[in-house]
Amino acid sequence: MTALGKRDRARAFVPDLIPEPHDLDRTGPLDAKEQQQLDRIHAARDHHQAAKWMRGKALDSAFRRRLYRGEDGQRTRQQYLDDEWDGLSESAAYREIAEWPLAKAITDAFERPAPDSHVRALVDVAEQQGHKAVAHWYAELRRHGQQLGRRVTADVVANLADFLRSGTEPERLEALFVPRQLPPSKPRKSAPAGTERGRGEAVTGTVVAHGQDAAAGSFPNLGMDADGSGPAGETGRWSLSAEQVARLSAWIADGAAAARISPERAADILLDALTYNTLQHWIADRAWT
């Protein structure tokens with residue numbers, strides 16, 4: 001980076017630093033002035049990404065200090081989000097809150113912000129092993145990719161997350177650039193002829209809760225029979241029907257194949273999105289009222 005670029009980097013970013021977009025017919029290497037202009041363009045790019053973690057920190061502060069409660073002291077978090085954050089949902093707000101410490105740690109370690117998808121792939125690992133440690137490995141991965149001329153994609157970051165999640169560190173960063181392999185799917189037997197799904201199609205993937213029999217093809221919910229018709233006896237639980245599980249499993253498996261990830265990982269992502277601390281924070285929010 002040029003001396004001019006370094007001076008720009010030390011000062012607060014303002015929109016006036018972005019050069020005006022004019023058509024210029026220039027060729028050959030960049031001169032010093034052009035390099036400065038390019039540095040400022042990149043500063044604008046990084047400012048946008050850094051503002052994302054600052055936004056998460058701002059939400060975190062507003063929630064933890066209970067500054068959302070308003071002048072009358074009665075405003076709820078969601079009312080505050082509706083009034084001041086363009087109707088952002090509580091679950092989305094908590095997602096940004098969970099991501100900002102890692103996003104900041106990566107910016108500090110790599111001296112550049114990471115794409116949102118990269119942060120999200122690593123945030124659960126960072127909560128277990130520490131934001132600085134995960135940010136260090138991410139920065140090493142990005143630098144290694146630059147040295148090799150290899151692009152660090154979301155799949156590459158997912159490979160890093162898998163290594164760190166298992167409690168091991170990659171011996172060679174080159175191994176993380178190997179394309180992720182999907183395990184061979186195991187088709188289920190088609191339903192008998194005459195049933196709703198008796199058309200001979202195979203259904204891949206299975207969604208089964210921890211502690212449930214895979215053969216049962218269901219997982220517990222909120223107090224109904226497996227067919228949803230009434231109380232579930234002594235257990236007091238409601239379960240998805242086998243048909244519902246089959247449909248959901250096929251949908252997850254199809255989406256996983258399109259995203260080139262395993263159905264198990266896709267199911268985890270879906271469950272995380274659907275259950276992301278919603279009940280916990282809903283209870284915590286209302287315990288004060």
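**Group meeting: a walk through an all-helix model**

Let's start with contacts: if you take pairs in the protein that sit at least 6 residues apart in sequence, 51% of those contacts join residues at least 24 apart. Keep in mind that this is a predicted model.

On secondary structure, we have 10 helices and 0 strands. Reading along the sequence you just get α-α-α-α-α-α-α-α-α-α. There are 289 residues in the protein, and 32% of them count as buried. The exposed surface comes to about 18,800 Å², with carbon and sulfur atoms supplying 52% of that.

Okay, the inside. Which residues have the most contacts within the largest nonpolar core? That core has 28 residues, and the ones with the most contacts inside it are Leu102, Ile106, Leu122, Val134, Leu141 and Leu160. As for who contributes, the elements giving two or more residues are α2, which is 32–64, then α4, α5 at 116–129, α6 at 131–148, and α7. The largest share belongs to α5, with 6 residues.

Apart from that core there's another one, with 12 residues, including Leu59, Ala92, Ala93 and Ile97.

Let me zoom in on Leu102 for a second. Setting aside neighbours within four places in sequence, Leu102 is in contact with Val119, Leu122, Val123, Ala126, His131, Val134 and Ala135.

Now, α7, which I mentioned as a core contributor. Helix α7 covers residues 154–165, so to speak a stretch of 12 residues, and its first and last C-alphas are 16 Å apart, close to the 16 Å expected at 1.5 Å a residue. Which residues of α7 are buried? Val156, Val157, Ala158, Asn159, Leu160, Ala161 and Leu164 are. Leu160 is also one of the residues with the most contacts in the largest core. After α7 comes Gly167, with a positive phi near 85°.

While we're on positive phi, two residues other than glycine deserve a look. Arg66 has a phi near 55°, and Arg66 belongs to the loop between α2 and α3, the latter being 77–84. Then there's Asp86, also not a glycine, with a positive phi of about 55°. You'll find Asp86 in the loop between α3 and α4. Are these two buried, partly exposed or exposed? Arg66 has a relative accessible area of 22%, so it counts as partly exposed. Asp86 has a relative accessible area of 80%, so it counts as exposed.

Next up, charged pairs. The structure holds 11 salt bridges, and I'll go through a few of them.

One is between Asp116 and Lys52, whose closest N and O atoms are 2.5 Å apart. Asp116 lies in helix α5 and Lys52 in helix α2, so this pair ties together parts that are 64 residues apart in sequence. Both ends are partly exposed: Asp116 has 25% relative accessibility, and Lys52 has 31%.

Another is between Arg55 and Glu96, with the closest N and O atoms 2.7 Å apart. What does that pair tie together? Arg55 is in helix α2 and Glu96 in helix α4, so the bridge links parts 41 residues apart in sequence. Here the two ends fall into separate classes: Arg55 is partly exposed, with a relative accessible area of 31%, whereas Glu96 counts as buried, at 18% relative accessibility.

And then there's Arg26 with Glu34, where the side chains meet in a salt bridge at 3.5 Å, N to O. Glu34 counts as buried because its relative accessibility is 15%, and the cut-off for buried is under 20%. This one isn't on its own, either: Arg26, Asp31 and Glu34 are linked in a network of salt bridges.

Last residue for today: Glu99, which sits in helix α4, residues 90–110. Is Glu99 buried or exposed? Its relative accessible area is 11%, so Glu99 is buried. What does the side chain of Glu99 make a polar contact with? The partner is the side chain of Arg120, at 3.0 Å. Beyond residues up to four places away in sequence, Glu99 touches Val119, Arg120 and Val123. Two of those names came up earlier, since Val119 and Val123 are also among the contacts of Leu102.

To recap: 10 helices and 0 strands, a largest nonpolar core of 28 residues with its largest share from α5, and 11 salt bridges, including Asp116 with Lys52 and Arg55 with Glu96. That's my tour, thanks everyone.

Note on methods:
Residues are numbered from 1 along each chain as its sequence is written. This is a predicted model: local features need pLDDT of at least 70, side-chain atom pairs count only at pLDDT 80 or more; totals for chains, interfaces and linings use all residues. Side-chain values use heavy atoms; hydrogens and water are left out. Helices (H or I, at least four residues) and strands (E, at least two) are DSSP runs, numbered from the N terminus. Buried means under 20% relative accessible area, exposed over 50%, partly exposed in between (1.4 Å probe, protein chains only). Contact means heavy atoms within 4.5 Å. Accessible areas come from the Shrake-Rupley method with a 1.4 Å probe; for residues, only the protein chains shown count as cover. A polar contact is a pair of N or O atoms within 3.5 Å; within protein, one must be able to donate a hydrogen and the other to accept it, and residues adjacent in sequence count only if both atoms are side-chain atoms. The expected span of a helix is 1.5 Å times one less than its number of residues. A nonpolar core is a set of buried Ala, Val, Leu, Ile, Met, Phe, Trp, Tyr and Cys residues joined through side-chain atoms within 4.5 Å. A salt bridge is a side-chain nitrogen of Lys or Arg within 4 Å of a carboxyl oxygen of Asp or Glu.
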